[in-house]
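Trainee: I would like to take a close look at one loop residue and then follow the picture outwards from there. Please define the terms as you go.

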Amino acid sequence: MCGIIGYAGPRKALPLVIQGLRLLEYRGYDSAGVALGGSGSIRVFKKEGKLANLEAVLPASSAAKCGIGHTRWATHGAVSDANAHPHLGPAGKVALVHNGIVDNWAELKRELEAAGAAFASETDSEILAHLVERELSRLGPSCPRSGAIEAVAAALGRVSGTYGLACVFADFPGLIVGARNGSPLAVGVGEGECFIASDPAAFAAHTRQAVFLRDGELAAIDAKGWQTRTLRGEAVLRGAETIPEAAGLADKGAHPDFFLKEVYEQPQAVERTLGGRLVREYGNAKLGGIELSPREMHGISEVVFLGMGTALHAAMSGKALVEAWARVPARAEDASEFRAANPIVDPAALYVAVSQSGETADTLAAVREVQAKGGRVVGLVNSVGSSLARLCGAGVYLHAGQELSVAASKSYLAQVTGCALIALSLGRARHLSIGEGRRVVDELVALPAKIDEALSLRPRVEELAARIASPGRPAPSVLFLGRGFLYPAALEGALKLKELSYLHAEGFAGGALKHGPLALVGPETPTIALIAPGASYERTLSNIAEVRARRGPVIAVCPGAPEGLREEVDELFALPPCMEELAPVLELVPLQLLARSVASALGRDVDRPRNLAKSVTTE
Ligand code: M6R
């Protein structure tokens with residue numbers, strides 16, 4: 001979850017490293033630090049809190065031409081200056097930044113302590129710096145530059161766990177050695193300079209040539225170039241790839257935060273997900289990246305969607321859509337639980353990995369598990385060139401655009417839309433008539449304009465938010481209720497509210513109400529009821545009546561404002577009419593606005609909620 005950036009070349013390293021850290025801060029923002037490699041010594045600066053805290057303690061300028069930086073999301077050891085990276089070895093000969101978890105840290109620490117080592121932090125990462133330095137001293141003072149690579153390889157030979165790491169050395173000015181096992185790392189190859197980063201976006205403004213390391217590989221970079229090898233010493237001959245153009249530091253425009261900006265970008269995001277993929281004549285979707293013939297689609301035994309968090313909620317919508325339109329058995333699996341349970345993989349099934357970042361460790365691990373057992377996986381991914389996109393090798397890019405706010409918004413709408421495209425193309429190969437297919441196409445085409453219309457609910461949503469966030473007496477909890485296609489949307493609405501506002505929120509299926517959640521209902525606890533004309537309408541109305549009978553205020557969100565609904569609820573947010581199956585896309589819009597307004601009324605950092613990070617790259 002942490003961000004790593006390194007630079008080696010003729011330019012001053014410090015501003016480049018800080019620029020990279022700014023682009024990586026979304027990965028973690030507990031603390032940040034830099035190490036500047038020099039002749040004979042290394043200077044380290046690190047500070048708890050956001051990057052601005054680090055910048056306040058940095059020298060005005062530094063002549064160092066080689067440096068590494070890190071932005072941390074704490075896994076091991078509290079959030080503090082001491083636990084911030086980089087970590088120095090005991091003699092100050094190496095400084096190291098690390099993303100990942102050392103599983104055998106306790107054993108290694110005991111061993112090092114028995115040999116007299118003292119640690120300055122509580123982190124597992126500092127152990128790595130000690131190990132590298134111990135290997136360097138074994139090689140002796142006259143060890144050549146290649147010895148630094150040997151030392152890192154030998155140290156990592158002792159380690160089990162995950163790492164993306166980078167080191168600078170006091171005695172090898174201008175050299176950075178990086179390594180990867182389970183956490184992403186890429187080398188940026190410029191003209192007479194090189195970069196290393198956990199996300200190539202951190203160096204894309206300087207070079208678009210990147211070499212992506214694979215697990216068990218190391219890279220050494222300096223101003224002259226780069227070399228890669230495996231931990232065992234075999235050479236890796238892999239050329240650089242061209243990565244997408246630098247997105248740069250996005251601008252919030254007129255919006256107070258990226259979250260709101262991204263919510264307002266949703267009509268365009270969904271339009272791009274659909275772009276060129278709908279074939280109205282045949283009532284079908286054309287998904288070039290999946291490359292399955294209708295006959296192959298017909299042979300699919302089951303569709304299994306995999307994802308985490310918001311992506312899991314989109315995956316649940318995918319399951320419902322596939323079953324409705326294609327009549328193929330489908331399920332959505334929490335990627336972390338799935339891979340931990342020794343899954344039974346069916347080679348005739350289609351596995352769909354859903355992810356915004358394409359870097360979520362659990363989703364990547366689940367995909368590897370499916371592939372190892374002979375399963376076929378496609379990605380539904382936003383981030384072009386991400387680890388997941390490369391691992392799947394086939395799939396559908398969402399093209400939702402860069403999402404910087406930690407809480408997902410436009411990526412969710414794009415993911416559900418992407419799932420709808422997969423369900424439509426499978427449906428047309430199996431069960432759906434051309435007429436039904438055309439109706440779905442027409443509904444999908446109309447979605448962006450309807451999302452735009454839904455955004456106009458904002459002033460009323462803000463009034464509701466002010467009541468929920470009432471000063472001194474915020475609602476103790478907010479309940480989100482939905483059935484069928486709207487059950488995953490209820491979960492997503494609750495997740496948005498809790499992660500942005502830190503209020504307790506719970507999403508549940510309408511059918512579950514009487515099995516427990518009803519106990520939470522009372523005059524202080526609002527229930528947001530997601531409802532849409534269709535199969536579940538009447539039963540959701542019954543749930544609304546049950547809540548109101550217990551004096552629980554009900555706010556309904558519904559496309560099309562069916563007759564009589566207004567009288568059944570305390571407040572109604574009416575959306576443009578749309579088919580029941582696509583209601584989750586539209587209904588999320590006011591829920592996102594609500595979460596954001598409650599958070600802002602409570603003074604929360606909307607873009608960077610406490611304890612979270614944009615990409616969860618550790619399991
Ligand atoms: O990048 P991914 O879509 O794989 O991320 C999955 C989750 O970590 C992510 O959706 C998370 O739940 C968001 N913070 C939700 O807003």
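Trainee: At its computed relative accessibility, does Glu-403 count as buried or exposed?

Mentor: Glu-403 counts as buried, because its relative accessibility is 5%, where buried means under 20% relative accessible area, exposed over 50% and partly exposed in between, with a 1.4 Å probe and protein chains only. Before going further, note that this is a predicted model, in which local features need pLDDT of at least 70 and side-chain atom pairs count only at pLDDT 80 or more, while totals for chains, interfaces and linings use all residues. Residues are numbered from 1 along each chain as its sequence is written, and side-chain values use heavy atoms, with hydrogens and water left out.

Glu-403 is placed in the loop between strand S21 (395-397) and helix H13 (410-430); helices (H or I, at least four residues) and strands (E, at least two) are DSSP runs numbered from the N terminus. A polar atom of the Glu-403 side chain is 2.9 Å from the backbone nitrogen of Ser-409, which is a polar contact, that is, a pair of N or O atoms within 3.5 Å, where within protein one must be able to donate a hydrogen and the other to accept it, and residues adjacent in sequence count only if both atoms are side-chain atoms.

Turning to the ligand, a polar backbone atom of Ala-408 lies 2.8 Å from one of the ligand's oxygen atoms. The backbone also approaches ligand oxygen at Gln-356, where an N or O atom is at 2.6 Å, and at Thr-310, where the distance from a polar backbone atom is 3.1 Å. Of the 410 Å² of accessible area that the ligand has on its own, the protein covers 90%, areas here coming from the Shrake-Rupley method with a 1.4 Å probe and, for residues, with only the protein chains shown as cover.

The shell has 16 residues around the ligand, and those that come nearest are Ser-355, Gln-356, Ser-357, Thr-360 and Glu-499; a residue is near a molecule or strand if one of its heavy atoms lies within 4 Å of it. By class, seven residues of the shell are nonpolar, seven polar and two charged, with Ala, Val, Leu, Ile, Met, Phe, Trp, Tyr, Cys and Pro counted as nonpolar, Asp, Glu, Lys and Arg as charged, and the others, Gly among them, as polar. At least two residues of this shell come from each of helix H9 (309-326) and helix H16 (487-501).

Following H9 onwards, Arg-327 is found in the loop between H9 and strand S18 (330-334). Its phi is near 55 degrees, a positive value in a residue other than glycine, and Arg-327 is exposed, with a relative accessible area of 52%. Asn-342, in the loop between helix H10 (335-340) and strand S19 (350-355), likewise is not a glycine and has a positive phi, of about 50 degrees; at 56% relative accessibility, Asn-342 counts as exposed.

One further backbone feature deserves a look: His-85 and Pro-86 are joined by a cis peptide bond with omega of about 5 degrees, and Pro-86 belongs to the loop between strand S4 (66-72) and strand S5 (87-88).
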